[in-house]
Amino acid sequence: MFKHIITSALISSTLIPSAYAETSASNWVEQSQLLDLSNNRTWLKLMHYETSFGTSLESEVTSNNFFISSEGKINPKIELEATISAMLTDEPEDNKSAQCRFPARKLWLDQVLTGIADSMPQVNCSDYQEHAKEHSATSLSLLFATGYLGNPASMYGHLLIKLNNQESSELLENTLNYGAMVPKDENKLKYITWGILGGYQAKFSSEAFHRHSRIYNETELRDLWEYKLNLNQNEIDLVLAHHWELHDKTFTYYFFKQNCAYQIAKLLELVIDKPLMNTSKPWVMPYDIIAAASKPYGDNKDTVTSIRKHESRQEAFYSKFHQLSRSEQLLTHDIAEDINIIESNSYNDLNLTSKKRIVETLFDYYSYLEVSLGELNSEQKESRRKLLTERFALSTEQTNWLTTYTAPPHEAQYPSLLQVTPTYNSQNGEGLELRYRANYYDLLSLDAGRLPFSELSMFDLHALYRNDRLSLKRWDLFHVKNINVSSTGLPHDGGFSWSLKAGIADVDLQCNNCLVGGISGSLGQSYRINSHTAIYSTVDGKLQAPDRERGNFKAGISAGIVSRLTPSWRMSFATGYFYYLDNTEQHGHTVEWEQRFGRAKDWDIRTNLSYDGASEVSISYSHYW
């Protein structure tokens, strides 16, 4: 009898908490239904639900263990109810509870269902607690790495989140990154193709800031722009808790949309109550995110509290050089050519401050060369050693270098373009040209935060309405151009000017509706007249088809100038001579003079005067977004 009583008591003690949990869970689920929490903005973002096939919702997370319910990937309501039940279920084993696996969901539920946290059992989450300790932050910053023309996947820049912690060194602070999981030594063509078509999985990761500083600032010579975000501690904690939920989960990667910019924006939109992506475009670019983040929202609340530039090794060298006096710059040139000049009177007669400025500039110069050339030769290594010895012999007092202002990248023109152009052709008469460019910028664009004297554009479409007929005039799939001027004139600063373009276009200006497809390129030299003006000359080549009674192989030479005459007025002028290698009787010259007026981010006025078999003059209104 006593044995039966003890057994019944033990069974009851087991069933009562379970029954209580079930009752408690049903009550909280009922409250969530009354509040319609399954359609709450934050819940949908925590689960990464997006509209699929027009109407239905589906999570973009591809890892099954991100969902508590087997239907959670496609059903926000069932997943929410399963989450509430799981959060209220006692789990004695360390790290197994839903509270450990999904701390951001727990934080959100505590905000929207007052008191639910008190109903949750105490659990052990040692892994999450260790992660939270290593990834603590008192503020968050959005990091933008400027574009890198040396890698097609990096031409448009990259985004990260930096975790600022007042108790640690900046270089040791963590960053949150997102990228495709690409096999080592993957073929570049396969990498580009699979990246575009969704052939890779991707995930979030975290690494110390010094690693990204080394890669971007030191190795790839790219600037990092830091946009410190206006978030309170609760918002910061929610972002970091959600990163834990995602750190071992995967997504499908698409280069043009579901990329680093897309996922970083999604993470921040948890706590920033405005769209960070341009919903009028079917693609997402890092520039669009920083441009949106730089605008206030709500009751004029600033999203960004401060902006700071982390200079690349190249920019640090340029900054020092351009702060030298003219005589110091000339002597710096001489020493770069012959290190023994530091033993001459022309150097020794200088005051202490000038000596330190020249030596420190040259030391940065050789550090820059070590990266740009791959390694220093024996003579360059010896020159750097002598400079180091000379600097140690000088005063240990720190040199006062100025922090020069550089316009941040969000002040550049928006990357997408619509343009309307009345035009007159000397042989074909009047017409109206309509232009659409998906992205990014050209030689005359506002170039804040971009490589100066360069062009990067994709999907640049020109249609012409003339004589009651609409026809395609030109369609550039891509056009990359880098005049690559030397900023200092020192040896090995700068390089070859080059360009590469592929697309279809009328064979020249005198022939209407005479499209040819082709790929063209150029290679040459450039010279920087001043900080706003550069000249260049190149050898050009083009392979095209059909020949349009001219030829398939085109070669020539060209020269040009690009100049910013005032902040609101830029111009480019280019002229060239060409002939067809397979039909030498076909030859001629070209001229193009284009001007841009205005300095707004969303519009400008342009004029163009061209000659290529016929003359053409036009004036354009451009709208950017």
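A crossing of two helices is left-handed if the near helix is turned anticlockwise from the far one by less than a right angle, and right-handed if clockwise. Both hands occur among the helix pairs described below, in a model that is predicted.

The protein chain has 625 residues, of which 48% are buried. Its secondary structure comes to 17 helices and 21 strands. The C-alpha trace spans about 115 × 80 × 45 Å along its principal axes. Among contacts in the chain with a separation of 6 or more, 63% are between residues 24 or more positions apart.

A convenient place to start is the sheet. Strands of a sheet pair through backbone hydrogen bonds, either parallel or antiparallel. Here seven strands form an open sheet with antiparallel pairing, in the order 8-6-5-4-3-7-9. Strand 8 (251-253) and strand 9 (304-310) are at the edges; each has a single partner strand, so one side of each lacks a neighbour in the sheet. From one strand to the next, the twist averages 30 degrees.

Strand 3, residues 139-145, can be followed in both directions across the sheet. On one side strand 3 runs antiparallel to strand 4 (residues 158-164), and seven bridges join the two. On the other, strand 3 is joined by five bridges to strand 7 (residues 224-229), again in the antiparallel sense. Ser141 shows both pairings: its bridge partner in strand 4 is Lys162, and in strand 7 it stands opposite Lys228. The next residue of strand 3, Leu142, stands opposite Tyr227 in strand 7.

How many of the seven residues of strand 3 are buried? The count is seven of the seven, so strand 3 is largely enclosed by the rest of the structure. The burial holds for both directions in which its residues point: Ser139, Ser141, Leu143 and Ala145 point one way, Leu140, Leu142 and Phe144 point the other way, and all are buried. Strand 7 has five buried residues out of six, and it too is therefore largely enclosed by the rest of the structure.

Beyond strand 7 comes the edge strand 9, and six bridges pair these two strands in the antiparallel sense. Lys228, already met opposite Ser141, also stands opposite Ser306 in strand 9. Elsewhere in the sheet, strand 5 (residues 174-180) pairs with strand 6 (residues 200-208) over seven bridges, also in the antiparallel sense. Within that pairing, Ala180 stands opposite Ala202 in strand 6.

The helices come next. Two packed helices are described by the angle between their axes and the distance between the axes. Helix 7 (residues 126-134) packs against helix 10 (residues 233-246) at an angle of about 130 degrees, and their axes are 11 Å apart. That angle makes helix 7 oblique to helix 10. Their crossing is right-handed. The residues that meet are Asp127, Tyr128 and His131 from helix 7 and Ala241, His243 and Trp244 from helix 10. By class, this contact has three nonpolar, two polar and one charged residues.

The second pair is helix 13 (residues 313-323) with helix 16 (residues 352-372), whose axes come within 9 Å and cross at roughly 150 degrees. Angles over 145 degrees count as roughly antiparallel, and helix 13 and helix 16 are therefore described as roughly antiparallel to each other. Helix 13 passes helix 16 in a left-handed crossing. From helix 13 the contact takes in Arg313, Gln314, Ala316, Phe317, Tyr318, Lys320, Phe321 and Gln323; from helix 16 it takes in Arg357, Glu360, Thr361, Asp364, Tyr365, Ser367, Tyr368 and Val371. These residues divide into seven nonpolar, four polar and five charged.

A last stop is a single residue, Glu616, which lies in strand 21 (residues 615-624). Is Glu616 buried or exposed? Its relative accessibility is 10%, and residues under 20% count as buried, so Glu616 is buried. Leaving aside residues up to four places away in sequence, Glu616 touches Thr423, Tyr424, Asn425, Arg466, Lys473, Leu509, Asn608, Leu609 and Ser610. One of these, Leu509, is 107 residues from Glu616 along the chain, and the C-alpha atoms of the two are separated by 7.5 Å.

Terms used:
Residues are numbered from 1 along each chain as its sequence is written. This is a predicted model: local features need pLDDT of at least 70, side-chain atom pairs count only at pLDDT 80 or more; totals for chains, interfaces and linings use all residues. Side-chain values use heavy atoms; hydrogens and water are left out. Two strands pair if DSSP finds at least two bridges between them. Helices (H or I, at least four residues) and strands (E, at least two) are DSSP runs, numbered from the N terminus. Axes are lines fitted to C-alpha atoms, for helices over the stretch in contact, and angles run from 0 to 180 degrees between N-to-C directions. Buried means under 20% relative accessible area, exposed over 50%, partly exposed in between (1.4 Å probe, protein chains only). Angles under 35 degrees count as roughly parallel, over 145 as roughly antiparallel, 65 to 115 as roughly perpendicular and the rest as oblique. Contact means heavy atoms within 4.5 Å. Ala, Val, Leu, Ile, Met, Phe, Trp, Tyr, Cys and Pro count as nonpolar, Asp, Glu, Lys and Arg as charged, and the others, Gly among them, as polar.
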